[in-house]
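This briefing goes through one chain by topic, from its overall make-up to a pocket and a few individual residues. Please keep the sequence and the structure in view while reading.

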Amino acid sequence: MQSVGGQSLAESLGITVGSIVLELGLDDDSSEEIRAAFAQAAGSDLVDFDDIDVADVSLVWFRDGDEDLIDLLVDAIAPLTETGVVWLMTRSEEHTSELQS
């Protein structure tokens, strides 16, 4: 996934080699392309709560009908560093089979 300027999508979102990316809400309809781009930019696999104490980025997948979004976002920000960010992915109306940013 390329973005403007030759950077990958994940790089343009601030993910660099060594970033620890926490993933929440993963399911069958989560975009493998986005997941792979984040992992490639970070230089490591995406992690879940059981694997880390601190994260640089939280990648959150959310669908209509999922649990409470506010609770999910609180969970996403809890382990973040002071400069950490949350990227919330939701279902695209055009592509109902896949979640988009």
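Of the 101 residues of the chain, what percentage count as buried? In this predicted model, 38% of the residues count as buried. The points below begin with the chain as a whole and then turn to particular sites.

**Overall architecture**

- The chain holds three helices and four strands, and these elements follow one another from the N terminus in the order α-β-α-β-α-β-β.
- When contacts between residues at least 6 apart in sequence are considered, 71% of them join residues that are at least 24 apart.
- The accessible surface of the chain amounts to about 6,200 Å², and carbon and sulfur atoms account for 48% of that surface.

**The largest pocket**

- The largest pocket encloses about 150 Å³ of space, and its lining is made up of Gly25, Trp61, Phe62, Arg63, Asp66, Glu67, Asp68, Asp71, Leu72 and Asp75.
- Strand 2 (55-62) and helix 3 (69-77) each contribute at least two residues to this lining, with helix 3 giving the most, namely three residues.
- By residue class, the lining of the largest pocket comprises six charged, three nonpolar and one polar residue.

**Ser30 and its partner**

- Ser30 lies in the loop that runs between strand 1 (21-24) and helix 2 (32-42), and this residue counts as buried because its relative accessibility is 4%, which falls under the 20% cut-off.
- The side chain of Ser30 makes a polar contact, at 3.3 Å, with the side chain of Arg63, a residue that also belongs to the lining of the largest pocket.

**Helix 2 and the residue after it**

- Within helix 2, the buried residues include Ile34, Arg35, Ala37 and Phe38, and Ala39, Ala41 and Ala42 are likewise buried.
- Gly43 follows helix 2 and has a positive phi, near 80°.

**Leu13 and its surroundings**

- Leu13 is placed in the loop between helix 1 (9-12) and strand 1, and, leaving aside residues up to four places away in sequence, Leu13 touches Phe38 and Trp87.
- Of these two partners, Phe38 is one of the buried residues of helix 2.
- Although Leu13 and Val85 are 72 residues apart along the chain, their C-alpha atoms are separated by 9.2 Å.

Key. Residues numbered from 1 in each chain as written. Predicted model: local features only at pLDDT ≥ 70, side-chain atom pairs only at ≥ 80, totals over all residues. Heavy atoms only, no water. 1 Å grid on protein atoms, 1.4 Å probe; cavity = no way out; pocket = protein on both sides within 12 Å on 5 of 7 lines; lining within 4 Å. Points joined across faces, edges and corners; volume = space filled by probe spheres on them. Nonpolar A, V, L, I, M, F, W, Y, C, P; charged D, E, K, R; others polar. Buried < 20%, exposed > 50% of the residue type's maximum accessible area, 1.4 Å probe, protein only. Polar contact = N/O pair within 3.5 Å; in protein donor to acceptor, adjacent residues only side chain to side chain. Contact = heavy atoms within 4.5 Å. Areas by Shrake-Rupley, 256 points an atom, 1.4 Å probe, with all protein chains shown as cover.
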